[in-house]
Amino acid sequence: MQNSQKLIPPLSGKCHCGKIEFELMCHLKDLKRCNCSHCRRKGFVMTTVKLDEFKLISGKKDLMVYKWNTKIAKHYFCKHCGINTHHQRRSKPNEYGVNIGCLEGFKMEWIENVKYTEGVKFSLEDKTKIDASIYEK
Ligand SMILES: [Zn+2]
């Protein structure tokens, strides 16, 4: 059993100040980083959940959304502590990427070798500004 599978759903998560609380009704899966211009600044590893596997417990009024470029992806963050908790993906709008650093029981050593996804290649804005080949290994 992988370490990350030791967390048993529902997985509890919250932002740093605790105003935003949520639960995931699934195991951690498809862990990834993303190299788009927004995610590489945040730097966190995300787990993949279907929209109906994410349950907001509290903090709806404290949740801000940041949209840019095509405005399709929705990046949610706490207006008090600034932590990005989750985002609705542009590439797959039926999914959220959830910041696994927000999850109770999460261990930093689980994510040492997590791959990144080529978000930069899907960004209409980045294509004009960044040579994607510099991110390829
Ligand atoms: Zn907060």
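Modeller: Two residues are in contact if their C-beta atoms, placed from the backbone, lie within 7 Å. This is a predicted model: local features need pLDDT of at least 70, side-chain atom pairs count only at pLDDT 80 or more, and totals for chains, interfaces and linings use all residues. Residues are numbered from 1 along each chain as its sequence is written.

Colleague: What is the mean pLDDT of the protein?

Modeller: pLDDT is the predictor's confidence in each residue, from 0 to 100. It stays under 50 over residues 125–137, where the model has 10 contacts beyond four places in sequence. Across the protein, 84% of residues reach 70 or more, and the mean pLDDT is 85.

Colleague: How many helices and strands are there in the protein?

Modeller: Helices (H or I, at least four residues) and strands (E, at least two) are DSSP runs, numbered from the N terminus. From that end the elements run β-β-β-α-β-β-β-β-β-β-β-α-α. The count is 3 helices and 10 strands.

Colleague: What order do the strands have in the open sheet of 5 strands?

Modeller: Strands of a sheet pair through backbone hydrogen bonds, either parallel or antiparallel. Here two strands count as paired if DSSP finds at least two bridges between them. The pairing in this open sheet is antiparallel, and the order is 4-9-8-7-6.

Colleague: Which are the edge strands?

Modeller: An edge strand here pairs on one side only. That description fits strand 4 (46–50) and strand 6.

Colleague: How many degrees does the twist average from one strand to the next?

Modeller: Axes are lines fitted to C-alpha atoms, for helices over the stretch in contact, and angles run from 0 to 180 degrees between N-to-C directions. From one strand of this sheet to the next, the twist averages 25 degrees.

Colleague: Which residue in strand 8 does tyrosine 76 stand opposite?

Modeller: Strand 7 and strand 8 (residues 84–88) run antiparallel and are joined by 4 bridges. They form a hairpin with 5 residues between them, and glycine 82 in the turn has a positive phi of about 80 degrees. Lysine 74 has glutamine 88 in strand 8 as its bridge partner. Tyrosine 76 stands opposite histidine 86.

Colleague: Which residue in strand 7 does leucine 63 stand opposite?

Modeller: Strand 6 and strand 7 run antiparallel, joined by 4 bridges. In strand 7, the residue opposite leucine 63 is cysteine 78.

Colleague: Which residues of the largest nonpolar core touch the most other members?

Modeller: A nonpolar core is a set of buried Ala, Val, Leu, Ile, Met, Phe, Trp, Tyr and Cys residues joined through C-beta atoms within 7 Å. Buried means 20 or more other C-beta atoms within 10 Å of a residue's own, exposed means 12 or fewer, and partly exposed lies in between, with C-beta atoms placed from the backbone. Strand 2, strand 4, strand 7 and strand 9 (95–99) each supply at least two residues of the largest core. Among its 18 residues, the most other members are touched by Val98, Ile100 and Leu103.

Colleague: Which residues does isoleucine 100 touch, not counting residues up to four places away in sequence?

Modeller: Isoleucine 100 is one of the three core residues that touch the most other members. Leaving out residues up to four places away in sequence, isoleucine 100 touches Leu28, Leu31, Val45, Met46, Thr47 and Phe106.

Colleague: Is lysine 71 buried or exposed, and why?

Modeller: Lysine 71 is found in the loop between strand 6 (63–66) and strand 7 (74–78). Its phi is near 65 degrees, a positive value in a residue other than glycine. Because it has 8 C-beta neighbours inside 10 Å, lysine 71 counts as exposed.

Colleague: Is aspartate 30 buried or exposed?

Modeller: Aspartate 30 is found in the loop between strand 2 (21–24) and strand 3 (33–34). It is not a glycine, yet its phi is positive, about 50 degrees. With 11 C-beta neighbours inside 10 Å, aspartate 30 counts as exposed.

Colleague: What is the peptide bond from proline 9 to proline 10?

Modeller: Most residues other than glycine have a negative phi, and most peptide bonds are trans. Proline 10 lies in the segment before strand 1 (11–14). Omega of the bond from proline 9 to proline 10 is near 0 degrees, and the bond is cis.
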